[in-house]
Amino acid sequence: MKAVQILGDVSSPTIATNYEMNRPTPKNAELLIRVHAAGITGDEIIWPEPYSRATRIPGHDISGVVSEIGPDYNGPLEVGHEVFALISPDHGEGQADYAICSANEVTKKPKSISHQEAAALPIPLLTAWEALSDHGKIKSDMKVFITGASGAVGILAVQIAKHWFHAHVVALASSQTHESLRHMGADEVLDYKVAGWESQIQGIDLVFDTVGGEVLEKCWEVVADTGVIVTVGDPAPEWAFGRGEAVESAGHPGVRYKHFIVSSNAERLGECGEMIDSGSVKPLMVKTYPFAESAKAWAAARQRGRGHKIVIDFASA
Ligand SMILES: NC(=O)c1ccc[n+]([C@@H]2O[C@H](COP(=O)([O-])OP(=O)(O)OC[C@H]3O[C@@H](n4cnc5c(N)ncnc54)[C@H](OP(=O)(O)O)[C@@H]3O)[C@@H](O)[C@H]2O)c1
């Protein structure tokens, strides 16, 4: 089968295409998915997981068709069902003709969108939902600030915070994206290129930061005394993974803060898919590359200011 590989090490990786990989076989309760399209999160190239896998196949976001079912699977999916999945970090390997999923990773694909559009959604959708709901405890009377609001996670977070949780949404993004962010539900928009943006807002109940670094540092200046900061920006802050306290927390003792890695959750992904089919959340714009141009696709996925998610097509030859 065809598969993308990340070769080399994390300091000088190369994206390769391999046409002679072995097709995996589903064991126990696993499912084998014929992948039609796979989404790219450009920063995966700096995540440790693909380098620790013998196959070196990256990829967690897929959309395709159930091809084979393991002997112990007793869930609702059948061979031939159209599905999408967030394959969890420890096994990944989604950027291939066939990929293995566990039962908790895969669910029916939204009917109203293509495989390419569906493949762009699992990580961004589940990250936005987990950040706002599980970690942020979002409520309708909250003022929510979303950084990187024009990115894949940010766009979905703006829509979910506004249309699902009815919060007041403030979005941070470059000015050319402000009109579309307002259209998607942002009540206020700020431009990160304008020096001192952090002095334009105050009393934020929930910050969802998807950028990290200096932007995350400035979020401490806008959060309310008893607010919460949730971040997923890469690279992760020094205090993430239980490595210590954020230095800023000394001056903001009432602020709760959290970094997390998104979890697979088939039931929740299915519910998010229904939000797409009902029209309450719009899918991301995508640009699709053929498999043979996977290296170009990865290079594009790592560029800033794209405005769309990059997807690799595995359905055509
Ligand atoms: N921990 C987890 O489980 C998890 C899950 C999903 C994603 N992530 C991480 O979260 C981040 C966002 O993911 P994504 O898929 O939404 O990425 P994306 O589509 O590439 O979007 C990135 C966004 O961040 C903005 N941005 C980048 N650098 C910036 C800076 N220095 N100042 C201000 N804004 C900046 C970009 O704005 P411009 O377009 O204007 O440059 C863009 O809106 C990535 O680092 C990703 O690896 C982590």
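**Close-up views of the ligand site**

**View 1. Polar contacts between the protein and the ligand.** In this predicted model, a backbone N or O atom of V232 lies 3.5 Å from an oxygen atom of the ligand, where a polar contact is a pair of N or O atoms within 3.5 Å. A polar backbone atom of G148 is likewise 3.5 Å from an oxygen atom of the ligand, and an N or O atom in the side chain of R306 lies 3.1 Å from a ligand oxygen atom. The protein covers 84% of the 920 Å² of accessible area that the ligand has on its own, as computed by the Shrake-Rupley method with a 1.4 Å probe. Local features need pLDDT of at least 70 and side-chain atom pairs pLDDT 80 or more, whereas totals for chains, interfaces and linings use all residues. Residues are numbered from 1 along each chain as its sequence is written, and side-chain values use heavy atoms, with hydrogens and water left out.

**View 2. The shell of residues around the ligand.** The ligand is surrounded by 23 residues, each with a heavy atom within 4 Å of it, and the closest are D43, Y192, D234, V262 and R304. By class, this shell has 11 nonpolar, 8 polar and 4 charged residues, with Gly counted as polar and Tyr as nonpolar.

**View 3. Helices and domains that supply the shell.** Helix 3 (122-135) and helix 4 (152-164), which are DSSP runs of H or I with at least four residues, each supply at least two residues of the shell. At least three shell residues come from each of domain 1 (3-121 + 284-313) and domain 2 (124-259), whose bounds come from an automatic or database domain assignment.

Methods
Polar contact = N/O pair within 3.5 Å; in protein donor to acceptor, adjacent residues only side chain to side chain.
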